[in-house]
Amino acid sequence: MTETKPRDYTKEPDLVKRIVESLHPERMYLKVKEIIDETPSTKTFRMVPTRGKLPPFRAGQYVNLFVNIGGVLTSRPYSISSSPTQTEYIDLTVRRKEGGFVSNYLLDEVKVGDEFETTGPAGQFYYEPLTDGKNLVFLAGGSGITPFMSMIREVVEKGLDLNIWLIYGSRVPDDVIFGEELEKIAEQNPNINHVLVISEPPENWGGVCGFINRDIILEQVKTVEDKT
């Protein structure tokens, strides 16, 4: 039997560089493929690469989106809301901020086909199976749902053995991002629990009211001793 020698990558620095850059690019070049209206104040921009393939990322990570608005170059970080299992595109979900320079531009001016430059995926806000437990409590408010949505979608799509309690605060029910999808996920997956906390509820609201606090958290998860 002929013994196969291990490949000596020290003699192929250009190949190593290309591999590293494909997995951890400093920049990504993306085009808007689809714009999804989530709520009256929020849209999801589905982005596809214009050069090469998308790099892998971990649910919970973000990219910095670079924009040129009237000659002003700036950037904003946006969490990726799509699941890492979706390798053809990434979703960036943006909520309008009153007086927001970038969010108003994105929601009012950007159209399908527009191209953008971003950083590669970054950040350490993700589930780490080596240190985190199997029982996870997610506390989110407004557009802060986006990294958790990526995690929840990945758990569902991969069938991961994790239990999730999502406690999600919003001012009004009509502005709950991913509301219908979250309800459907919770109905179909007994390991995922979902409760909305509405701070300005309408008269017919029968759910939890107010702001997320200790009492609401304990009412939903019972105990935090075995949870991350």
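Helices H3 and H4 pack against each other at an angle of about 35°, and their axes lie 12 Å apart. This pair makes a convenient starting point for a tour of the structure, which is a predicted model. The crossing of H3 past H4 is left-handed. On the H3 side, the residues that take part are Met149, Ile152, Arg153 and Val156, and they meet Glu181, Leu182 and Ile185 of H4. Sorted by class, this contact comprises five nonpolar residues and two charged ones, with no polar residues.

Both helices also lie across strands. Helix H3, which spans residues 146-158, lies across E7, E8 and strand E9 (192-198) and runs at about 145° to E7. Helix H4, covering residues 179-188, lies across E8 and E9, with an angle of about 140° to E9.

These strands belong to an open sheet of four strands, ordered E7-E8-E9-E10 and paired in parallel. At its edges are strand E7 (135-141) and strand E10 (208-209), each of which pairs on one side only. E7 is joined to strand E8 (residues 163-170) by seven bridges in the parallel sense. Within this sheet, Phe138 stands opposite Leu166 in E8.

A second sheet can be followed in a similar way. This open sheet has six strands in the order E4-E3-E6-E1-E2-E5, and the pairing is antiparallel. Strand E4 (72-79) and strand E5 (90-95) each have a single partner strand, so one side of each is left without a neighbour in the sheet. From one strand to the next, the twist averages 40°.

Inside the six-stranded sheet, strand E1 (residues 27-39) and strand E2 (residues 42-49) pair in the antiparallel sense, with eight bridges between them. Glu34 has Arg46 as its bridge partner in E2.

Stepping back to the whole protein chain, the model contains five helices and 10 strands. Of the 228 residues in the chain, 40% are buried. Among contacts with a separation of 6 or more, 68% are between residues 24 or more positions apart. The chain exposes about 13600 Å², and carbon and sulfur atoms supply 49% of that area.

Taken together, the picture holds an antiparallel open sheet of six strands and a parallel open sheet of four strands, with H3 lying across E7, E8 and E9 and H4 across E8 and E9.

How values were computed. Residues are numbered from 1 along each chain as its sequence is written. This is a predicted model: local features need pLDDT of at least 70, side-chain atom pairs count only at pLDDT 80 or more; totals for chains, interfaces and linings use all residues. Side-chain values use heavy atoms; hydrogens and water are left out. Two strands pair if DSSP finds at least two bridges between them. Helices (H or I, at least four residues) and strands (E, at least two) are DSSP runs, numbered from the N terminus. Axes are lines fitted to C-alpha atoms, for helices over the stretch in contact, and angles run from 0 to 180 degrees between N-to-C directions. Contact means heavy atoms within 4.5 Å. A crossing is left-handed if the near helix is turned anticlockwise from the far one by less than a right angle, and right-handed if clockwise. Ala, Val, Leu, Ile, Met, Phe, Trp, Tyr, Cys and Pro count as nonpolar, Asp, Glu, Lys and Arg as charged, and the others, Gly among them, as polar. Buried means under 20% relative accessible area, exposed over 50%, partly exposed in between (1.4 Å probe, protein chains only). Accessible areas come from the Shrake-Rupley method with a 1.4 Å probe; for residues, only the protein chains shown count as cover.
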